[in-house]
Amino acid sequence: MSNIIDGKAFALGLRGRVASGVAGLAARGIVPGLAVVLVGEDPASEVYVRNKGIQTREAGMASWEHKLPAETGQAELLALVEKLNADPAVHGILVQLPLPAHMDAEAVINAIDPAKDVDGFHILNVGLLGTGQKSMVPCTPLGCLLMLRDRLGDLSGLNAVVVGRSNIVGKPMAQLLLGESCTVTIAHSRTKNLAEVCRSADILVAAVGRPRMIPGDWVKPGATVIDVGINRIEEDGRTRLVGDVDFDSAARVAGAITPVPGGVGPMTIACLLANTLTACCRANGLPDPELVG
Ligand code: NAP
């Protein structure tokens with residue numbers, strides 16, 4: 001088996017399972033629906049939102065895109081969130097981050113009905129995840145976990161190091177790995193001897209946002225490396241996307257590694273679709289869908 005984890009192929013499989021789940025619900029007259037809200041004209045966010053819409057429709061779900069101008073007031077955005085909360089056709093609500101600086105992103109996220117919070121950022125879902133209860137799990141860490149389980153099977157007892165402690169990736173990733181009975185270390189910008197900490201990892205997750213920060217000699221031979229970083233750099237006169245891990249040197253020692261692009265990225269949208277299906281099943285009193293192939 002190659003030591004490269006093909007996130008694109010894995011995401012395709014997951015999207016196929018989601019589409020089957022959606023088709024199964026159609027027989028009951030149920031159509032899962034995802035509403036995405038974009039405020040402002042950030043080009044990267046516009047691309048994400050467009051891709052989310054395309055893949056949502058491809059999976060057989062209903063999709064709504066609400067585009068609001070950058071100068072929209074917070075009250076107006078909150079009113080839209082309230083409307084979507086009350087709409088029974090909408091099972092998932094995603095407010096694309098970042099929001100313009102004049103808005104209080106936490107207040108907006110916490111206004112979403114937690115049962116429709118398919119990003120898993122609502123404070124209630126954060127608390128449920130932290131206490132090991134059924135919750136909506138943030139898409140990127142969920143995608144990482146599904147790939148780790150697929151590659152390694154039982155994760156219990158493994159040493160996991162998560163580099164990065166953001167609310168959207170690092171912290172929920174660490175919670176999920178703890179839930180799998182890993183021994184978890186969270187590293188960040190103040191961590192001492194980061195190289196040594198990384199070398200102790202059977203599972204190394206990099207979520208930093210610094211191009212190729214982690215070289216191959218920080219990776220324990222045989223370790224599984226999940227590179228969440230997406231960094232745009234100029235190299236040899238062209239723009240490239242690279243991860244937080246130096247792929248070439250790390251791939252020589254890792255037991256398995258995700259590339260950038262084509263690793264974690266494609267799994268994030270696939271998990272968003274999976275979360276929307278899960279939210280729809282729960283709203284209809286049905287069991288959670290089977291996401292593992
Ligand atoms: P973030 O909020 O900026 O957090 C970065 C984390 O890295 C912080 O905890 C920071 O530590 C830590 N850090 C920064 N410099 C460090 C250093 N020199 N040594 C050790 N730790 C360091 O970023 P994020 O939102 O979690 O995103 C991280 C990366 O993942 C970005 O490249 C982003 O584009 C990517 N991403 C990808 C996906 C995907 O779908 N693949 C989804 C989300 C994010 P402090 O807390 O101490 O400052």
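Is Cys 198 buried or exposed? Cys 198 is buried, with a relative accessible area of 0%. The model described here is predicted. This report covers its two sheets, the helices that pack on them, one pair of helices, and the cysteines.

**The five-strand sheet**

Five strands form an open sheet with parallel pairing, and their order is S5-S4-S6-S7-S10. The edges of this sheet are strand S5 (183-187) and strand S10 (256-257), each of which pairs on one side only. Strand S4 (residues 159-163) is joined to S5 by five bridges, and the two run parallel. Within that pairing, Val 163 of S4 has Ala 187 in S5 as its bridge partner.

On S6, four bridges make the link with S4, again in parallel. Here Val 161 stands opposite Leu 204 in S6. S6 is also joined to strand S7 (residues 224-227) by four bridges, and these two strands run parallel as well. The bridge partner of Ile 203 in S7 is Thr 224.

The side chains of a regular strand alternate between the two faces of the sheet. In strand S6 (residues 203-206), Ile 203 and Val 205 point one way, while Leu 204 and Ala 206 point the other way. All four of these residues are buried.

**The three-strand sheet**

A further open sheet has three strands in the order S2-S1-S3, and its pairing is parallel. Strand S2 (62-68) and strand S3 (92-95) stand at its edges with a single partner strand each, so one side of each has no neighbour in the sheet. From one strand to the next, the twist averages 15°. Seven bridges pair strand S1 (residues 33-39) with S2 in the parallel sense. Leu 38 has Lys 67 in S2 as its bridge partner.

**Helices on the sheets**

The table lists three helices, the strands that each one meets, and the angle to one of those strands.

| Helix | Strands | Angle |
|---|---|---|
| H2 (residues 43-58) | S1, S2 and S3 | about 160° to S2 |
| H3 (residues 74-86) | S1, S2 and S3 | about 180° to S1 |
| H6 (residues 139-152) | S6, S7 and S10 | about 160° to S7 |

H2 packs on the three-strand sheet, touching S1, S2 and S3. H3 lies across S1, S2 and S3. H6 lies across strands of the five-strand sheet, namely S6, S7 and S10.

**The pair H6 and H7**

H6 also packs with helix H7 (residues 170-179), at an angle of about 35° and with the axes 9 Å apart. Their crossing is right-handed. From H6, the residues Pro 141, Leu 142, Cys 144, Leu 145 and Leu 148 take part, and they meet Pro 172, Met 173, Leu 176 and Leu 177 in H7. The residues of this contact divide into nine nonpolar, no polar and no charged.

**Cysteines**

How many disulfides does the structure hold? The number is zero. Cys 198 is in no disulfide, and the nearest cysteine sulfur, that of Cys 144, is 15 Å away. Cys 144 is one of the H6 residues that meet H7.

Cys 271 is likewise in no disulfide, and its nearest cysteine sulfur, that of Cys 139, is 6.3 Å away. A disulfide needs two cysteine sulfur atoms within 2.5 Å, so a separation of 6.3 Å does not count as one. Cys 271 counts as buried, at 0% relative accessibility.

Definitions and conventions:
Residues are numbered from 1 along each chain as its sequence is written. This is a predicted model: local features need pLDDT of at least 70, side-chain atom pairs count only at pLDDT 80 or more; totals for chains, interfaces and linings use all residues. Side-chain values use heavy atoms; hydrogens and water are left out. Buried means under 20% relative accessible area, exposed over 50%, partly exposed in between (1.4 Å probe, protein chains only). Two strands pair if DSSP finds at least two bridges between them. Axes are lines fitted to C-alpha atoms, for helices over the stretch in contact, and angles run from 0 to 180 degrees between N-to-C directions. A crossing is left-handed if the near helix is turned anticlockwise from the far one by less than a right angle, and right-handed if clockwise. Contact means heavy atoms within 4.5 Å. Ala, Val, Leu, Ile, Met, Phe, Trp, Tyr, Cys and Pro count as nonpolar, Asp, Glu, Lys and Arg as charged, and the others, Gly among them, as polar.
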